[in-house]
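Biologist: I've got a new model open and plenty of labels I don't understand yet. Can you walk me through what the words mean?

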Amino acid sequence: MSPVTEALVERVRRRLAAEAVPPSPENVARALRAEPGVLGPDTVLAIVDQVRRDTGGAGPLEPLLGLPGVTDVLVNGPDAVHVDRGDGLEATDVRFGDDAEVRRLAQRLAALAGRRLDDASPWVDARLPDGTRLHAVLAPIAQPGTLVSLRVPARRRLGLDDLVAAGSISPDGAEVLRGVVASRAAFMVSGGTGSGKTTLLAALLAEVPAQERLVVVEDAAELRPRHPHVVALEARPANVEGRGAVELRDLVRQALRMRPDRLVVGEVRGAEVVDLLAALNTGHDGGCGTIHANSASDVPARFEALALTAGLPREALHAQLVAGLDLVVHVRRDRQGRRVVDHVGVLQAGPDRLADCVPALVLGPDQVREGPAHEALRAVLGRGRRP
């Protein structure tokens, strides 16, 4: 019996590709007849399994995507594959034969998403049919080899009680956040990449009364709140001819015409910030979204940078920010890599009339500590809006 080698599998793969047939046992057995020596049934089945992994789904990454709790699978060239299951990055035993194999996988995944990935277009950011977010960059632009990042959609739709059980927030902190939702305060969830912003926002949206209509606008569909009335709009990149793009800003405008009780922008990252702030200042209470920031106090500066690129003057931006946005809930990863709800800030105007996010509560996994803007937060929770 001949051993199952990568060279043998590659020859079988090429024959199947040339014939444009699926890797069934019959087709693999026929392809193996061209190989020297006698191959037993175990060898045939082993090659069938390997070729199927390499030509369907995420190939050798497929078992990792099925691990309980996995949120990210990261490929750093052929010799380093990591996963994140909520406690930081973990190295795996998965390896690729060479960078060409990683490249083939990245290109096949891009094709599944209807996108192009080659030397002329060496990176891709897309969503796969099952909802997995794909980002890939080809070598030699990427080092130490082709890079593939897969963001796995949540299999469970977590609520605040689940976050309490996971140690992300204390029971008292969860009650504060329930009060934020009940007050119809406008808020943003801030944090770094992979800090759990989307997970927390989805949990908060699950607390919205069932009779309210949520209109969710996202660059890539990730929010899946446990709520009976959710409608969603998803942006679309341009096709290979550079046409057909649907921008997030256009979708925010469309959402405002869809009778939203709550307007939700999955991630504020560009010119749509202008339309979101306009909505929050014209009667759309309870609007919310996420934004990348190192802390809640950095959120006004982040809004300013985004608004300036859209042509909104600094003074106008800060005036609308203070008038329209009530709170910021910040999430982060602790030193063990766990995602935790860190603090809540209140938007207030400073002496220079610029927006300032003042800490109101520090939320640890087992405690709540008051900050300088605690009384302002009480006013928001008590009346829904600041006086």
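Modeller: Sure, let's begin with Glu304, which sits in helix H11. Keep in mind that this is a predicted model, where local features need pLDDT of at least 70, side-chain atom pairs count only at pLDDT 80 or more, and totals for chains, interfaces and linings use all residues. Residues are numbered from 1 along each chain as its sequence is written, and side-chain values use heavy atoms, with hydrogens and water left out.

Biologist: What makes H11 a helix, and where does it run?

Modeller: Helices (H or I, at least four residues) and strands (E, at least two) are DSSP runs, numbered from the N terminus. H11 covers residues 299-309.

Biologist: Why is Glu304 called buried?

Modeller: Buried means under 20% relative accessible area, exposed over 50%, and partly exposed in between, using a 1.4 Å probe and protein chains only. Glu304 has a relative accessible area of 17%, so it counts as buried.

Biologist: Which residues is Glu304 in contact with?

Modeller: Contact means heavy atoms within 4.5 Å. Leaving aside neighbours within four places in sequence, Glu304 is in contact with Arg314, Leu317 and His318.

Biologist: Arg302 is in H11 too. Is Arg302 buried or partly exposed?

Modeller: Arg302 has a relative accessible area of 28%, so it is partly exposed. Not counting residues up to four places away in sequence, Arg302 touches Ile291 and His292. Arg302 and Val268 are 34 residues apart in sequence, and 9.8 Å apart in space from C-alpha to C-alpha.

Biologist: Why is helix H10 said to be largely enclosed by the rest of the structure?

Modeller: H10 (residues 272-280) is described that way because eight of its nine residues are buried. Among them are Glu272, Val273 and Leu280. The cover over the buried residues of H10 includes strand E7 (187-191), H9, strand E10 (262-265), H11 and H12.

Biologist: What about Asp326: where does it lie, and how do you know whether it is buried or exposed?

Modeller: Asp326 is in the loop between helix H12 (314-324) and strand E12 (327-333). Its relative accessibility is 1%, so Asp326 counts as buried.

Biologist: What lies 2.9 Å from a polar atom of the side chain of Asp326?

Modeller: That's the backbone nitrogen of Ala186.

Biologist: How many disulfides are there?

Modeller: A disulfide is a pair of cysteine sulfur atoms within 2.5 Å. By that rule, the count is zero disulfides. Cys288 is in no disulfide, and the nearest cysteine sulfur, that of Cys357, is 16 Å away.

Biologist: Why is there no bond for the sulfur of Cys357?

Modeller: The closest cysteine sulfur, in Cys288, is 16 Å from that of Cys357, so it is too far for a bond. Both get a label for accessibility as well: Cys288 has 1% relative accessibility, so it counts as buried, and Cys357 has 4%, so it counts as buried.

Biologist: What makes a group of residues a nonpolar core?

Modeller: It's a set of buried Ala, Val, Leu, Ile, Met, Phe, Trp, Tyr and Cys residues joined through side-chain atoms within 4.5 Å. The largest one here has 37 residues, and those with the most contacts inside it are Leu177 and Leu200. Helix H8 (residues 197-205) provides the largest share of this core, six residues. Apart from it lies another core of 35 residues, among them Leu248, Leu263, Val265 and Leu312.

Biologist: Which residues is Leu177 in contact with, leaving aside its neighbours within four places in sequence?

Modeller: Its contacts include Leu160, Ile169, Leu200 and Val329.

Biologist: What is odd about the phi of Arg184?

Modeller: Arg184 has a positive phi of about 60° although it is not a glycine. It lies in the loop between helix H7 (171-182) and E7. With 25% relative accessibility, Arg184 counts as partly exposed.

Biologist: And Arg353, is it buried or exposed?

Modeller: Arg353 has 71% relative accessibility, so it counts as exposed. Arg353 has a positive phi of about 70° although it is not a glycine, and its place is the loop between strand E13 (339-349) and strand E14 (355-363).

Biologist: Which peptide bond to Pro140 is cis?

Modeller: The one from Ala139, with omega near 5°. Pro140 lies in the loop between strand E5 (133-137) and strand E6 (147-151).

Note on methods: Polar contact = N/O pair within 3.5 Å; in protein donor to acceptor, adjacent residues only side chain to side chain.
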